[in-house]
Amino acid sequence: MSGLHKSLTLCIKAAGDPTADQLAAIRPYMLADLPPEQLYVRTFALAHNAIDRDDEAFDDSLLADFARTLPGKGLFIKHPAGYGGDTGPGEGRFFHAELQTMSHAEARTLLRQPDLTWPPGVTTATILMASAYMVRTEGNKDLLLKADAGIVSDVSIGFTAKRGDYFRDEAGRDMQARRLTSPGEALEGSLVWLGAQPGARAIKGASRTEEPEMPTQQELDAANTRATDFENKLKAAEPSHSVVTKAREALGDHAHLIEKPGDLADAVKAGQAFRDSLIDTIVQGERNAGLCGDDEESVAAAKAIYAGQPLASLQKRADAVQAKAPKNGTVTPTTPAAPERTDEGTKGAPPVFAAAFTA
């Protein structure tokens, strides 16, 4: 993971003075008990889960990491790790962060960005809202006034994250857009000249209920049509999803093999070969004991009896056959011998099946 930044627009509250609840959240970060009128509070839309200008999109789990790790971090004029930035103290400090969810239509209306798009399958807009405080001084009077006027209007988040796979369209083809995923951490927020993530803007309040603009009927109809189409596709994909889910549950710690069909196929083949070796051992023991004929038809019929039995049952029966073998020798099956069993498990068995082989 590396230090990165994304930009969004400052969301201005109606007043810069802290509320009682905000003041209570700020006090743990202050070393002196400053009066409320000396503090200046602003709320920022710091990130969202739509596709941005870098053809990337934050995963909701990463946004949750940001909301958890941002409080206590600094608000800067420039990114400390960016071009022309410095590592000096910030102008403010974040004291609260939360995720707000809404429909795509609501987000487009709130952000006044009708062309804002989300990755395939992302049906809900998620926005990271963060509040920071600054101290009113003679040196920052112009900055705070410009913030109130909406001139200082863009803010950018500095963070670490993991770059995931490219999104895929409905036909399964890779898109240009890529997912940024957790684990990650919000490192800081900085005032910048332009947001990398489109759509965030200066508003009078963090609550979207203050926005007079509402989606048009055409926008609502289009959103309902998209939601219906997605629901139908989700229902059509449900059987396949159920199969994959059950396979992951069955594989347990080896569920990652679902993403590697070649490795999974090799493991299945190795497991089948081990099962066959157990059956060969059992049938050979029955032949030695005169319980089974030596002709091809008798051997095939005997193997068919054991073909559908649980692996643990086959293992116990094969162990019993080996235990009854002459002291100066062992039962030699017609296929490779069964893996050696120890108190720690069965050695030589494919790892994905090892748990099933232990007694």
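Trainee: Which side chain of opposite charge is nearest to E286, and how far away is it?

Mentor: This is a predicted model, where local features need pLDDT of at least 70, side-chain atom pairs count only at pLDDT 80 or more, and totals for chains, interfaces and linings use all residues. Residues are numbered from 1 along each chain as its sequence is written, and side-chain values use heavy atoms, leaving out hydrogens and water. E286 is buried (under 20% relative accessible area, 1.4 Å probe, protein chains only), yet has no salt bridge (a side-chain nitrogen of Lys or Arg within 4 Å of a carboxyl oxygen of Asp or Glu). The nearest side chain of opposite charge (Lys and Arg positive, Asp and Glu negative; His and chain ends not counted) is R317, at 4.9 Å.

Trainee: Which side chain does the E286 side chain make a polar contact with?

Mentor: E286 sits in helix α6, residues 261–288 (helices being DSSP runs of H or I, at least four residues, numbered from the N terminus). Beyond four places in sequence, E286 touches L291, C292, A302 and Y306 (heavy atoms within 4.5 Å). The polar contact (N or O atoms within 3.5 Å, one able to donate a hydrogen and the other to accept it) is at 2.3 Å, with the side chain of Y306.

Trainee: How far apart are the C-alpha atoms of D148 and R42?

Mentor: D148 is in helix α4, residues 141–148, and touches Y40 and R42, not counting residues up to four places away in sequence. D148 and R42 are 106 residues apart along the chain, but their C-alpha atoms are separated by 9.5 Å.

How values were computed: Helix = DSSP H or I, 4+ residues; strand = E, 2+ residues; numbered from the N terminus. Buried < 20%, exposed > 50% of the residue type's maximum accessible area, 1.4 Å probe, protein only.
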